[in-house]
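Colleague: Can you walk me through this one? I'd like the surface and overall dimensions, then some helix packing.

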Amino acid sequence: MSIVTVQLGQCGNQIGFEVFDALLRDSQSSHGLCCKRENEAYQASCKERFFSEEENGVPVARAVLVDMEPKVINQTLSKAAQSGRWKYGQHACFCQKQGSGNNWAYGYSVHGPRHEESIMNLIRKEVEKCDSFSGFFIIMSMAGGTGSGIGAFVTQNLQDQYSNSLKMNQIIWPYGTGEVIVQNYNSILTLSHLYRSSDALLVHENDAVHKICAKLMNIKQISFSDINQVLAHQLGSVFQPTYSAESSFHYRRNPLEGFKDPALYTSWLEPVNAFNVWKTQRAFSKYEKSAVLVSNSQFLVKPLDMIVGKAWNMFASKAYIHQYTKFGIEEEDFLDSFTSLEQVVASYCNL
């Protein structure tokens, strides 16, 4: 089953490159800590899922790259080509209108609709290359400006045109200390739109990944490249080809027994249905043993409630609202976003 990745904006394109590079480096490794037949099946499954047929012996990523200026896309294409292991095929790049700034509303209401046909045609061509298409993996920033606006717009279009296909958005939760002065506005607008059009949001917090780099990896001067590589490793392990299995790990004490505790789950969901195990004998990224947990929990209630609260305080004083209304995002759109996300917070609190 093949997945088409849509990389949006600087954040999406830089992380997307690291994900593909990590996946191919892992799949081309001959170690595997498993038999040759299992390793070959693993490699074939990984390539079918993320790469199309090879061109001149080089796998081509099943991806569409979208950004508002050529610099990041050109750098991403060049890094992939220079690796000699794989390359990109389809990509789109649209120069940003002068004077629009890094603006969510411009991306969603102007830039997205203006280039809708071109972007969706590139995506359609990539989908048509798949013998067995399963869905989309969309990588984007949550709090960025124009890129996040286009990301919300493109995801909405994917829902309209591919309603039966999975749409998973990987979003980067902004630093709590702030990166962009209007990041809380951008975040609530992005989240509320994705909540309506995406099937799943896979969230990574910049602050949490930063701590991994500092405390676990002991990196002194942490760069975005360091953070992106950690994200790529986590995402690669999530997408590693696996098969469904019972919790039958050969340890003196089964580390998964704790997940069978009914107290961990909402009352209307049985533990047997709430917790699934997928495994493979094939090692990932040279680790003899590794595990990854993807959970749908109350973990994000506090940071989500905080972002909604900060955005509301700004909205109540009408701060920076003009940057959005001049491109078609009205105050009613903000109110709809607040209402939607407050309902999400309330629903998770009641689990």
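Colleague: How much area does the chain expose?
Modeller: About 18100 Å², with carbon and sulfur atoms supplying 50% of it. Accessible areas come from the Shrake-Rupley method with a 1.4 Å probe, and for residues only the protein chains shown count as cover. This is a predicted model: local features need pLDDT of at least 70, side-chain atom pairs count only at pLDDT 80 or more, and totals for chains, interfaces and linings use all residues. Residues are numbered from 1 along each chain as its sequence is written, and side-chain values use heavy atoms, leaving out hydrogens and water.

Colleague: What share counts as buried?
Modeller: Of the 351 residues, 48%; buried means under 20% relative accessible area.

Colleague: And the dimensions along the principal axes, what are they?
Modeller: The C-alpha trace spans about 60 × 55 × 45 Å.

Colleague: How many helices and strands?
Modeller: The chain has 13 helices and 11 strands. These are DSSP runs numbered from the N terminus: H or I of at least four residues for helices, E of at least two for strands.

Colleague: Now α6 and α7. At what angle do they cross?
Modeller: Roughly 10 degrees, with the axes of α6 (residues 146-161) and α7 (residues 183-197) coming within 9 Å. Therefore α6 is roughly parallel to α7, a term for angles under 35 degrees. Axes are lines fitted to C-alpha atoms over the stretch in contact, and angles run from 0 to 180 degrees between N-to-C directions.

Colleague: Which residues meet there?
Modeller: S148, A152, T155, Q156 and Q159 in α6 meet T190, H193, L194 and S197 in α7, where contact means heavy atoms within 4.5 Å.

Note on methods. Parallel < 35°, antiparallel > 145°, perpendicular 65-115°, else oblique. Buried < 20%, exposed > 50% of the residue type's maximum accessible area, 1.4 Å probe, protein only.
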